[in-house]
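Please open the model in your viewer with the sequence panel beside it, and keep a selection tool to hand. The stops below are meant to be followed in order, one selection at a time.

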Amino acid sequence: GHVLGSSFIKSIQELFPGIAFMPTGGIKPTAESLQEWLDAGAIAVGIGSPLFKVIATDNELIAFVSAILAMKNN
């Protein structure tokens with residue numbers, strides 16, 4: 001993700017009909033970043049170490065997951 005950016009997925013989707021994209025690497029653990037990738041056509045994203053730098057407590061994890069679920073339902 002950090003090398004090519006979300007616009008890359010958007011630009012190649014027509015070339016690969018029926019293929020699902022799940023970018024990893026450089027995805028920010030924010031609602032805005034997740035929405036950007038989903039709007040570009042990703043069906044999911046992989047977030048590793050940045051997730052653990054942002055979420056330090058159970059309550060923060062619950063809030064983060066709740067925000068993602070709310071975004072998905074909109």
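Does P23 count as buried or exposed, and at what relative accessibility? Select P23 in this predicted model and you will be in the loop between α1 and α2, at a residue that counts as buried because its relative accessibility is 9%, where buried means under 20%. Show the surroundings of P23 and, leaving aside neighbours within four places in sequence, you will find it in contact with I9, W37, A42, A44, V45 and G46. For one of these partners, G46, a distance can be drawn: the C-alpha atoms of P23 and G46 are separated by 6.3 Å, although the two residues are 23 apart along the chain.

**The whole chain**

Now zoom out and colour by secondary structure, which should show four helices and zero strands in the protein chain, in the pattern α-α-α-α when read along the sequence. Of the 74 residues in the protein chain, 23% are buried, and the accessible surface comes to about 5,200 Å², with 62% of it belonging to carbon and sulfur atoms. Among the contacts between residues at least 6 apart in sequence, 40% join residues at least 24 apart.

**Along the loop to G25**

Return to the loop between α1 and α2 and select G25, which lies in that loop and counts as partly exposed because its relative accessibility is 29%. With residues up to four places away in sequence not counted, G25 touches G1, H2 and G46. You may also draw a line from G25 to V3, since the C-alpha atoms of these residues, 22 apart along the chain, are separated by 8.3 Å.

**Helix α1 and a surface patch**

Next, select helix α1, residues 6–12, where F8 is found. F8 counts as partly exposed, with a relative accessibility of 34%, and together with V3 and L4 it forms a nonpolar patch on the surface, with about 300 Å² of accessible area for the three together. Then move to S6, which is also placed in helix α1 but counts as buried, at 11% relative accessibility. Leaving aside neighbours within four places in sequence, S6 is in contact with E36, W37 and A40.

**The nonpolar core**

Which residues make up the largest nonpolar core? Select I9, I12, F21, I27, L34, W37, A42, I55, F64 and M71 together, and the 10 residues of that core will be displayed. The elements that give two or more residues to this core are α1, α2 and α4, the last of these spanning 58–72.

Within the core, pick L34 and list its contacts beyond four places in sequence, which are I27, K28, V45, I47, F64, I68 and M71. Then follow the contact to M71, which is found in helix α4 and counts as buried at 16% relative accessibility. Leaving aside its sequence neighbours within four places, M71 is in contact with A31, L34, Q35 and L38. The C-alpha atoms of M71 and A31 are separated by 7.6 Å, with their positions 40 residues apart along the chain.

**S33 and K28**

Where is S33 found, and which residues does it touch once those up to four places away in sequence are not counted? Select helix α2, residues 31–40, to find S33, which counts as buried, at 8% relative accessibility. With that sequence limit applied, S33 touches I27 and K28. Here it is worth showing the backbone as well as the side chains, since the backbone nitrogen of K28 lies 3.3 Å from a polar atom of the side chain of S33.

**Last stop: I47**

Finally, select I47, which lies in the loop between α2 and α3, the latter covering residues 49–54. I47 is partly exposed, with a relative accessible area of 21%. When residues up to four places away in sequence are not counted, I47 touches I27, K28, P29 and L34. To close the tour, draw the distance between the C-alpha atoms of I47 and K28, which are separated by 7.4 Å while the residues are 19 apart along the chain.

Note on methods: Residues are numbered from 1 along each chain as its sequence is written. This is a predicted model: local features need pLDDT of at least 70, side-chain atom pairs count only at pLDDT 80 or more; totals for chains, interfaces and linings use all residues. Side-chain values use heavy atoms; hydrogens and water are left out. Patches are made of residues with over 30% relative accessible area and no salt bridge: like charges are joined within 9 Å, nonpolar side chains (Val, Leu, Ile, Met, Phe, Trp, Tyr) within 5 Å. Accessible areas come from the Shrake-Rupley method with a 1.4 Å probe; for residues, only the protein chains shown count as cover. A salt bridge is a side-chain nitrogen of Lys or Arg within 4 Å of a carboxyl oxygen of Asp or Glu. Buried means under 20% relative accessible area, exposed over 50%, partly exposed in between (1.4 Å probe, protein chains only). A polar contact is a pair of N or O atoms within 3.5 Å; within protein, one must be able to donate a hydrogen and the other to accept it, and residues adjacent in sequence count only if both atoms are side-chain atoms. Contact means heavy atoms within 4.5 Å. A nonpolar core is a set of buried Ala, Val, Leu, Ile, Met, Phe, Trp, Tyr and Cys residues joined through side-chain atoms within 4.5 Å.
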